[in-house]
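Student: Could you take me through one part of this model in detail, namely the surroundings of the bound ligand and what lies next to them?

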Amino acid sequence: MNLVFLGPPGAGKGTIASEAKNHFDIPHISTGDLFRSHIKGETELGQQVKAILAAGDLVPDSVTIEMVKQRLAESDAQKGFILDGFPRTVVQADALAEMKGLDAVINFVLDREQIVKRLSGRRVCKSTGKTYHIMYNPPKVEGIDDETGEALIQRDDDKPEAILNRLSVYEKQTEPLIAYYREKGLLIDIDAAPSPDVVLASLIKAVEK
Ligand code: ADP
Ligand code: ADP
C-alpha cells in the first residue's frame, strides 16, 4: 500500500501515521522527521536545513526530492509506505510520480482555529520524536516524556511567528496538491477534527474500500 498523507501542519498526520503504519505494516516516512534527525546528528544536510526549518520555510525541492528518493529505495519501503509531509509542492509531486505509483492520497481536513491550537500545544520528546499535546494528549507527568523521563520541548517552528509563516507556505505551495491529486482520482478527504482513534478508523475504512 503506497499512501501519501497530505494536509496542513498540525492536522494530525504524524499522530495517525504512527498507528496506521502498524495496521498496514508499512514504514512511516516523515520528511520533517528525516530533516530533524539530520539536524540532531549535525550532518552536512542538517546544517544546510536548520535555519529553514526553524523559520518554517520549505527546504529546496532538489534537496528534499533526493532525500526521499534514497529513503524510498531502502528495502522496507518496497512493500509500501506512508509518506507524511511529502510532497509539499507540485515539483515534488511530479518527482514522486516518476519514482512510485500511489494507491491513495489522504487529505486531512481541519479548520484554521484547530490547526493553530494543535500546533501551539504540541510538545515532543527530542530523542524519540514522540508527540504530545498539552490539552488533547498530555503526558502522565506534565512536561515529561512517558517513556524516557526526559523533558518535553516545543519545536522552534511551533512558536507563534513560525506557525503563521508555515500556514501561509502551506496555502501557497502545498494546497494546490489537493486539486492535483483530486484530478488524478487519488484523493480521499478525511475529517481530522475527531479524536485520533476515530480519525484512524475512518481512514482505514476509506482506504480499504
Ligand atoms: P502533523 O504531523 O500533521 O503536523 P501531529 O500529528 O504532530 O500533526 O499533531 C499535531 C498536534 O495535535 C500534536 O500535539 C498532537 O498530539 C495533536 N493531535 C493530533 N491528532 C489529534 C486529534 N485527532 N485530536 C486532538 N489532538 C490531536
Ligand atoms: P508539520 O507537519 O508540523 O508542518 P513537518 O515535520 O512535516 O511539520 O515539517 C517540518 C519542516 O520540515 C517544514 O516546515 C519544512 O521546513 C521541512 N519539510 C518537511 N517536509 C518538507 C518537504 N516535503 N519539502 C520541503 N520542506 C519540508
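Tutor: A polar contact here is a pair of N or O atoms within 3.5 Å. The model is a predicted one, and with that cut-off in hand we can begin at Tyr132, where a backbone N or O atom lies 2.7 Å from an oxygen atom of ligand 1. The side chain of Arg122 also takes part, with an N or O atom 2.6 Å from an oxygen atom of the ligand, while a polar backbone atom of Gly12 is 3.0 Å from a ligand oxygen. Taken on its own, ligand 1 has 570 Å² of accessible area, of which the protein covers 91%. Two or more residues of the surrounding shell come from each of the elements α1 (13–24) and β6 (131–133). There are 17 residues around the ligand, and those that come nearest are Lys13, Thr15, Arg122, Tyr132 and Pro194. By character, the shell divides into seven nonpolar, seven polar and three charged residues.

From Arg122 we can step to Arg166, since the two residues are in contact. Arg166 belongs to helix α7, which spans residues 160–174, and this arginine counts as buried because its relative accessible area is 8%, where the limit is under 20%. Its side chain makes a polar contact of 3.0 Å with the side chain of Asp158. Beyond its neighbours within four places in sequence, the contacts of Arg166 also include Pro9, Gly56, Leu119, Arg155 and Asp157.

Terms used. Residues are numbered from 1 along each chain as its sequence is written. Chains are lettered from A and ligands numbered from 1 in the order in which they are written. This is a predicted model: local features need pLDDT of at least 70, side-chain atom pairs count only at pLDDT 80 or more; totals for chains, interfaces and linings use all residues. Side-chain values use heavy atoms; hydrogens and water are left out. A residue is near a molecule or strand if one of its heavy atoms lies within 4 Å of it. A polar contact is a pair of N or O atoms within 3.5 Å; within protein, one must be able to donate a hydrogen and the other to accept it, and residues adjacent in sequence count only if both atoms are side-chain atoms. Accessible areas come from the Shrake-Rupley method with a 1.4 Å probe; for residues, only the protein chains shown count as cover. Helices (H or I, at least four residues) and strands (E, at least two) are DSSP runs, numbered from the N terminus. Ala, Val, Leu, Ile, Met, Phe, Trp, Tyr, Cys and Pro count as nonpolar, Asp, Glu, Lys and Arg as charged, and the others, Gly among them, as polar. Buried means under 20% relative accessible area, exposed over 50%, partly exposed in between (1.4 Å probe, protein chains only). Contact means heavy atoms within 4.5 Å.
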